[in-house]
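Let's take a walk through this model, from its packed interior out to its open space. Keep the viewer handy and follow along residue by residue.

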Amino acid sequence: DVYKRQMKDAVGQYEQLLKNGGAEIINTEMWGLKKLAYPIQHKSTGFYNLVEFKADPSLIASLEIEFKRDERVMRFLTVALDKHAVEYNDKRRSGAFKKKSKKEEAAA
């Protein structure tokens, strides 16, 4: 799919920008094509991506400037995670919150 390839290229470009700035990329999730809550630039769908990273705060400003300049990026949200959110994300990535199937529950 052409759109998926373009999206992966864009995400790869921003991951490289982060790495070049000395950031450590912890996790990347491609959530795929989703319906938007409301139209943005006359579009009703968009690709969602999550990139969790550790970086110097000065790198965030240059990253956000690049997001604003890029026509492919409709919206972005950059947040700082506190220690509880970091701990939660570690657990989520390890599968601690996945629902067990009926067979797994019966075996336990």
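Before anything else, some vocabulary: a residue is buried when its relative accessible area is under 20%, exposed when that area is over 50%, and partly exposed in between, using a 1.4 Å probe and protein chains only. By that yardstick Glu64, with a relative accessible area of 23%, is partly exposed. One caveat on what you're looking at: this is a predicted model, so local features need pLDDT of at least 70 and side-chain atom pairs count only at pLDDT 80 or more, while totals for chains, interfaces and linings use all residues. Residues are numbered from 1 along each chain as its sequence is written, and side-chain values use heavy atoms, with hydrogens and water left out.

Let's stay with Glu64 for a moment. You'll find Glu64 in helix α2, and α2 covers residues 57-69. Helices here are DSSP runs of H or I with at least four residues, strands are runs of E with at least two, and both are numbered from the N terminus. Not counting residues up to four places away in sequence, Glu64 touches Phe76 and Thr78, where contact means heavy atoms within 4.5 Å. The link to Thr78 is also a polar one: their side chains are joined by a polar contact of 3.0 Å. That term covers a pair of N or O atoms within 3.5 Å; within protein, one must be able to donate a hydrogen and the other to accept it, and residues adjacent in sequence count only if both atoms are side-chain atoms. For Lys43 the picture is another one, as its C-alpha is 22 Å from that of Glu64, with the two positions 21 residues apart in sequence.

Now hop over to the partner. Thr78 sits in the loop between α2 and α3 and is partly exposed, with a relative accessible area of 29%. Setting aside neighbours within four places in sequence, Thr78 contacts Ile60 as well as Glu64. Thr78 and Val51 are 27 residues apart along the chain, and their C-alpha atoms are separated by 9.6 Å.

The loop between α2 and α3 also holds Met74. Beyond its neighbours within four places, Met74 is in contact with Leu36, Ile40, Gln41, Lys43, Thr45 and Gly46. For one of these, Ile40, the C-alpha separation from Met74 is 7.2 Å across 34 residues of sequence.

Gln41 deserves a look of its own. This residue lies in the loop between β1 and β2 and has a positive phi of about 55° although it is not a glycine. His42 is found in that loop too, again with a positive phi in a residue other than glycine, near 65°. Are these two buried or exposed? Gln41 counts as partly exposed because its relative accessibility is 46%, whereas His42 counts as exposed because its value is 84%.

Time to go inside. Which residues make up the largest nonpolar core? It has seven: Tyr14, Leu18, Ala23, Leu59, Leu63, Phe67 and Val73. A nonpolar core, by the way, is a set of buried Ala, Val, Leu, Ile, Met, Phe, Trp, Tyr and Cys residues joined through side-chain atoms within 4.5 Å. Helices α1 (2-20) and α2 each supply at least two residues of this core, and α2 gives the largest share, three residues. Leu59 is a good place to zoom in: it is part of α2 and counts as buried because its relative accessible area is 9%. Outside its neighbours within four places in sequence, Leu59 contacts Leu17, Leu18, Gly21 and Ala23. Gly21 is 38 residues away in sequence but 6.5 Å away in space, C-alpha to C-alpha. Val73, another core member, is in contact with Tyr14 and Phe67, with the same four-place neighbours left out.

Finally, a charged residue on strand β1 (residues 24-40): Glu29. Its relative accessible area is 18%, so Glu29 counts as buried. A polar contact of 2.9 Å joins its side chain to that of Asn27.
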